[in-house]
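Hello,

Here is the structure I promised to pass on to you. Please have it open while you read, as my notes follow below.

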Amino acid sequence: MSVAGIVVTHGPHPDLERCLAALAPQVDELVVVANLPLDLELPPGARLLENDRPAGFAANVNSGVAETKSDFVVIANPDTEPARDAVAILTDFASGAPRRGIVGPQLRYPDGRWQPSRRRFPTVTGTLIRRTPLRYLAHPFERQPGHYLLDERPDQPVQADWMLAAFLFLRRQLLDELEGFDEHFRLYGEDIEFCYRAAKAGWERWYVPAAVVTHRYAAEIDRRLLTRRTLWHWRGIARFVRKHPERLRAL
């Protein structure tokens, strides 16, 4: 089974070359989508797509996918660094059953600490606590261990609601069937919505901890509440609810 790698970057990134050096030997195709002009020496065989003007993350992923033909696609943030066998492990697992559409690795911080990347689909109450000033009183990571699955650290593959799009392994058949990510999402929420549509269509989402990826995870919207990114996040939440109003019953 062939694998394509898609890396979306918003201009120069201090970790990008490290990401590409780790990912390139593990994939059959590699495309870098530059949301802003980029002067970069690419690994041999890699291709660079430069936007005429900035687009959202979902649109950039879709444009990168359209440039490839492999059976599977890895989407990777520039601040990720997969272990040497990470893609092979994900490929082997996804190939084991035809409905394994989305597979995510174990993410770790640069110091080796485990990073919670497997999540439950959001609820109304949980979202209000995480994305309003209530976060300073309720402390989501302490009060919502069920959402972040903080008490679960499986050492074998387990199914998931959704996983962070920092590094995701996707079956092309799934991408074709769902027509890619929803490009109306600017940033944040597109990974949740994509996994939710996949679930509704009967595709499996799996977390495979044997595949390890280092992720520096800036988490800007977790550190500062009132920013442009917060607005993008709320717009993403609003679109998710408009598309899937049944989630309003998940209090």
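Let me start with helix α3, which spans residues 86–94 and contains Val-87. Please keep in mind throughout that this is a predicted model. With a relative accessibility of 1%, Val-87 counts as buried, because the cut-off for that is under 20%. Its contacts, leaving aside residues up to four places away in sequence, are Val-3, Leu-23, Gln-26, Val-74, Phe-167 and Phe-169. You may also like to look at Val-87 alongside Leu-168: they are 81 residues apart along the chain, and their C-alpha atoms are separated by 10.0 Å.

Pro-78 is worth a look too. You will find Pro-78 in the loop between β4 and β5 (80–82). Its relative accessible area is 8%, so Pro-78 is buried as well. Beyond residues up to four places away in sequence, Pro-78 touches Val-7, Val-8, Thr-9, His-13, Asp-15, Leu-16 and Cys-19. Between the C-alpha atoms of Pro-78 and Phe-167 there are 9.6 Å, with 89 residues separating the two along the chain.

Next, the strands. Eight of the nine residues in β6 (residues 100–108) are buried, so this strand is mostly covered. Which strands does β6 pair with? Strand β12 (residues 204–215) runs parallel to β6 and is joined to it by eight bridges. Strand β11 (residues 167–171) pairs with β6 in the antiparallel sense over two bridges, and β7 likewise pairs with β6 in the antiparallel sense over two bridges.

A few individual bridges help to place these strands. Leu-107 has Val-213 as its bridge partner in β12 and Gln-115 as its bridge partner in β7. Ile-102 is partnered by Leu-170 in β11. In the hairpin of β6 and β7, five residues sit between the strands, and one residue to check there is Gly-112, with a positive phi near 95°.

That brings me to Gln-115, in strand β7 (residues 114–115). Is Gln-115 buried or exposed? At 1% relative accessibility, Gln-115 counts as buried. Its side chain makes a polar contact with the side chain of His-215, at 2.7 Å. Apart from residues up to four places away in sequence, Gln-115 touches Leu-107, Arg-108, Tyr-109, Leu-164, His-215 and Tyr-217.

Finally, two more helices. Helix α2 (residues 57–66) is mostly covered, with eight of its ten residues buried. These are Phe-57, Ala-58, Ala-59, Asn-60, Val-61, Asn-62, Gly-64 and Val-65. What do the buried residues of α2 pack against? They pack against four strands, β1 (3–9), β2 (29–34), β3 (47–50) and β4 (72–76), and against the helices α8 (172–178) and α9 (190–200).

Helix α9 is itself mostly covered: nine of its eleven residues are buried. The buried residues of α9 include charged ones by name, such as Glu-190, Asp-191, Glu-193 and Arg-197, along with Ile-192, Phe-194, Cys-195, Tyr-196 and Ala-198. Just after α9 comes Gly-202, which takes a positive phi of about 90°.

Do write back if you would like to go through any of this together.

Best wishes

Note on methods: Residues are numbered from 1 along each chain as its sequence is written. This is a predicted model: local features need pLDDT of at least 70, side-chain atom pairs count only at pLDDT 80 or more; totals for chains, interfaces and linings use all residues. Side-chain values use heavy atoms; hydrogens and water are left out. Buried means under 20% relative accessible area, exposed over 50%, partly exposed in between (1.4 Å probe, protein chains only). A polar contact is a pair of N or O atoms within 3.5 Å; within protein, one must be able to donate a hydrogen and the other to accept it, and residues adjacent in sequence count only if both atoms are side-chain atoms. Contact means heavy atoms within 4.5 Å. Two strands pair if DSSP finds at least two bridges between them.
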